[in-house]
Amino acid sequence: MADVLVLCEHDRGSLEDATLEALTFARGLDADIHVLVCGELDDDGIATLGEYGADTVHVAEHDMFADFGPEAWGQALADKIEDLDPDAVLACGTSKGNEVMAQAAARLDVPFVANVTELADGDIDDDEVEMIRVQWGGSLLERAGLEADTKLLSVAHHSLEATPAEGGNGDAPTVETYDADLDDSLQRTVCVGRDVAESGVTLSTAPVVVGGGRGVGGADAWGPLEQLAEMLGGRVGCSRAVTNNGWRPHSDQVGQTGTRIAPELYIASGISGAIQHWVGAMASKKILAINTDMDANMVVKADYAVKGDLHEVLPAIIAEIEARRG
Amino acid sequence: MRVLVCVKRVPAPGAKINITADGQDVDAAHLGFTVSPHEECGVEEAVQLVEKHGGEATVLTLGPGDADEQLRYAASLGVQQAVLLQTDGTPWDPQATARAITTAIVDLESENGEPFDLVLFGNESADSGGFQVGVRVAHALERPMVNAIKGIELDLDNASVTAKREIDGGREIYEMATPAVLGVKEGINLPRYPTMRGRLASKKVEVKVVEVDPETGDQTRVTLQQPPEQVSNTVHLGDGPAAASAVVDVLDELGVL
Ligand SMILES: Cc1cc2nc3c(=O)[nH]c(=O)nc-3n(C[C@H](O)[C@H](O)[C@H](O)COP(=O)(O)OP(=O)(O)OC[C@H]3O[C@@H](n4cnc5c(N)ncnc54)[C@H](O)[C@@H]3O)c2cc1C
Ligand SMILES: Nc1ncnc2c1ncn2[C@@H]1O[C@H](COP(=O)(O)O)[C@@H](O)[C@H]1O
């Protein structure tokens with residue numbers, strides 16, 4: 001049977017859900033599943049790894065693992081790969097997952113294929129395989145060939161749903177704790193502190209997003225969008241044309257190089273729906289486009305559309321909600 | 001102070017990305033070209049660092065001769081030096097790309113007689129999105145590297161840099177000695193538009209062209225494919241303010257009122 005090593009993502013001991021996507025992918029490879037944890041993981045976390053299919057959990061201990069450090073994690077992963085010699089190594093394609101995989105790949109001087117959605121040809125223990133991976137943040141797929149003994153891959157985030165192993169794993173995973181042997185120099189990229197941002201509804205978790213694009217026309221014309229977002233318990237989002245003009249902060253940007261949203265409803269007003277914006281919005285359950293141009297890509301792809309000037313339509317919607325709420 | 005920023009020429013598609021008939025490339029026949037927004041912010045950051053600390057910014061790309069356009073765009077924003085590692089335009093895998101960029105950096109630094117205080121990359125390239133070229137280059141140069149950076153404070157006196165990395169709900173802080181390598185994300189700054197003077201000056205910048213040996217790597221492209229199309233039958237709720245009532249009915253139906 002093949003062996004697969006999965007990187008556990010956690011934030012100072014609490015398991016991050018992305019790990020479960022990588023484990024779910026690993027279960028499809030018909031392999032013994034090993035997990036590497038850099039630092040301490042709480043007991044619930046270890047149990048969850050087992051529920052999602054981990055057979056063996058390797059816990060690397062070191063003072064440097066008190067917080068995240070891409071080089072320290074990458075070195076520990078590289079060392080574990082040399083030690084286990086698995087057929088494949090997987091992480092979820094998050095910021096952290098991709099960075100640690102890249103660090104390990106650099107250290108071993110082997111290829112690393114980021115954001116894979118499926119193994120398209122061959123078995124994971126073959127010398128050559130083909131896989132499907134995402135390009136352009138999800139706008140395009142690439143069938144990529146890879147020649148490598150140990151295949152380092154990340155699984156495109158949210159490309160599959162994490163599910164627990166059928167019937168559960170039965171047994172709790174075997175836990176093997178060891179002292180990682182890390183050079184002191186790796187301390188240089190260990191996180192030394194944090195700024196914590198405001199909490200509450202964020203763009204990525206908002207149930208409704210009211211988005212505005214170039215059609216909003218200026219920095220001072222966002223009143224109706226903010227008001228509607230507030231009435232619906234949501235957040236304002238925007239396109240890159242907006243952030244590029246300095247009308248809204250980049251933290252509001254939806255898209256390939258902004259935030260991926262998945263609200264119940266996305267109201268996209270004055271947005272043309274360029275592919276790089278669309279990939280950030282396509283996970284929305286429903287989309288309502290408000291646009292003067294009924295041929296705009298956003299309109300064509302939306303569930304609902306209103307033709308018109310957003311500066312007239314949005315205030316009318318606000319007035320109608322107020323009227324119904326009494 | 002010396003800072004280097006690495007950018008990659010990519011097509012700038014609109015509503016859809018079309019693929020050539022042989023499935024090997026994006027059909028760029030009617031498209032303009034650009035760099036990833038992350039890299040554009042890298043260029044802006046490099047220019048701002050020079051404005052603040054003095055010194056010189058250099059932009060580097062590995063790509064076809066046409067990538068001259070992206071180098072000159074960076075120059076029009078204020079970058080002083082430009083280097084083109086010229087290929088025949090075939091896609092190189094991230095490992096091969098990183099090897100060539102590393103060699104070029106070693107050569108540039110030996111010519112300069114000192115290392116770049118900072119080498120900036122984009123968080124990921126716009127097209128292939130490998131999330132690794134910068135990490136590989138940093139490792140080969142034995143320099144610290146952190147990706148997903150949204151804030152840089154350079155302290156020349158202490159030869160150190162403080163960098164902030166974006167995470168869910170906040171930012172992690174890193175402190176590194178220079179020379180260091182950082183992968184930056186859009187939002188770190190608001191890139192300027194080129195001025196007329198900048199555009200004129202960029203025409204005069206001498207682009208240093210370095211021929212590189214063809215190399216593709218162990219990760220190869222078989223074909224490009226379209227993702228499954230999401231079809232939707234858009235329901236037209238009406239025109240102008242008169243549509244408000246139908247819209248609010250929908251909000252009610254969806255349970256978001
Ligand atoms: C590598 C790369 C990454 C990118 N990443 C992102 C990203 O993350 N997010 C992103 O958004 N973009 C991104 N872009 C940019 C993207 O290609 C588009 O340029 C951008 O999304 C366009 O923004 P827009 O729709 O607001 O503007 P436009 O394309 O100019 O569209 C404006 C729309 O508003 C409509 N309109 C005008 N006036 C009104 C009015 N009064 N009422 C109603 N409708 C009106 C018009 O009909 C039009 O449809 C990226 C580009 C590249 C190359
Ligand atoms: N061909 C290239 N020329 C110059 N820089 C590149 C090239 N490819 C990638 N890079 C840099 O490396 C970063 C990460 O690329 P990638 O690993 O492909 O996601 C990009 O944002 C660029 O800064």
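## A walk from one ligand to the other

Among the 29 residues around ligand 1, the ones that come nearest are Arg214(A), Ser239(A), Ser272(A), Gln276(A) and Asn291(A). This is a predicted model, and ligand 1 is a good place to start looking at it. Turn the view until you can see both chains, and you will find that ligand 1 lies between chains A and B.

Several side chains of chain A place polar atoms beside this ligand. In Gln276(A), a side-chain N or O atom is 2.6 Å from an oxygen atom of ligand 1. Gln253(A) also faces an oxygen atom of the ligand, with a polar side-chain atom 3.0 Å away. With Asp309(A), the ligand's partner is a nitrogen atom, 3.0 Å from an N or O atom in the side chain. On its own, ligand 1 has 990 Å² of accessible area, and the protein covers 82% of that.

What kind of residues make up the shell around ligand 1? By class, 16 are polar, 9 are nonpolar and 4 are charged. Two helices of chain A, H6 (240–244) and H7 (275–281), each supply at least two residues of this shell.

Now step back and take in chain A as a whole. Its C-alpha trace spans about 65 × 45 × 40 Å along the principal axes, and the chain holds 9 helices and 17 strands. Of its 326 residues, 59% are buried. The chain exposes about 12400 Å², and carbon and sulfur atoms supply 42% of that area. Contacts also link parts of the chain that are far apart in sequence: taking the contacts with a separation of 6 or more, 63% are between residues 24 or more positions apart.

For a closer look inside chain A, follow strand E6, residues 88–92. Is this strand mostly covered or mostly exposed? It is mostly covered, with 5 of its 5 residues buried. Ala88(A), Leu90(A) and Cys92(A) point one way from the strand, while Val89(A) and Ala91(A) point the other way, and all of them are buried.

E6(A) has strand partners that you can trace in the view. Strand E1 (residues 2–7) of chain A runs parallel to E6(A), and 3 bridges join the two. In this pairing, Val6(A) stands opposite Leu90(A). Strand E10 (residues 151–155) of chain A is also parallel to E6(A), joined to it by 5 bridges. Here Leu90(A) stands opposite Leu153(A) of E10(A). Leu90(A) therefore makes a handy landmark for you to return to, standing opposite Val6(A) and opposite Leu153(A).

Another part of chain A to visit is helix H2, residues 43–51, whose buried residues are Gly45(A), Ile46(A), Thr48(A), Leu49(A) and Gly50(A). What covers these buried residues? The cover includes helix H1 (18–27) together with strands E3 (14–15), E4 (31–38), E5 (56–61) and E11 (174–179), which belong to chain A. After the helix comes Gly53(A), which has a positive phi, near 115 degrees.

Let us move to chain B and the second ligand. Ligand 2 has 19 residues around it, and Cys6(B), Glu39(B), Leu62(B), Ser125(B) and Phe131(B) come nearest. Backbone atoms take part in its polar contacts. A polar backbone atom of Cys6(B) is 2.7 Å from an oxygen atom of ligand 2. Gly130(B) likewise has a backbone N or O atom 2.9 Å from an oxygen atom of the ligand, whereas a backbone N or O atom of Leu62(B) lies 2.8 Å from a nitrogen atom. The protein covers 97% of the 480 Å² of accessible area that ligand 2 has on its own.

Strand E4 (56–63), helix H3 (94–112) and strand E6 (118–122) of chain B are the elements that give two or more residues to this shell. The largest share, 3 residues, comes from E4(B). Sorted by class, the shell has 8 nonpolar, 8 polar and 3 charged residues.

Our last stop is Val119(B), found in strand E6 of chain B. Is Val119(B) buried or exposed? It is buried, with a relative accessible area of 0%. Beyond its neighbours within four places in sequence, Val119(B) is in contact with Leu4(B), Ile105(B), Arg143(B), Ala180(B), Val181(B) and Leu182(B). Val135(B) sits 16 residues from Val119(B) along the chain, and their C-alpha atoms are separated by 11 Å.

Note on methods: Residues are numbered from 1 along each chain as its sequence is written. Chains are lettered from A and ligands numbered from 1 in the order in which they are written. This is a predicted model: local features need pLDDT of at least 70, side-chain atom pairs count only at pLDDT 80 or more; totals for chains, interfaces and linings use all residues. Side-chain values use heavy atoms; hydrogens and water are left out. A residue is near a molecule or strand if one of its heavy atoms lies within 4 Å of it. A polar contact is a pair of N or O atoms within 3.5 Å; within protein, one must be able to donate a hydrogen and the other to accept it, and residues adjacent in sequence count only if both atoms are side-chain atoms. Accessible areas come from the Shrake-Rupley method with a 1.4 Å probe; for residues, only the protein chains shown count as cover. Helices (H or I, at least four residues) and strands (E, at least two) are DSSP runs, numbered from the N terminus. Ala, Val, Leu, Ile, Met, Phe, Trp, Tyr, Cys and Pro count as nonpolar, Asp, Glu, Lys and Arg as charged, and the others, Gly among them, as polar. Buried means under 20% relative accessible area, exposed over 50%, partly exposed in between (1.4 Å probe, protein chains only). Two strands pair if DSSP finds at least two bridges between them. Contact means heavy atoms within 4.5 Å.
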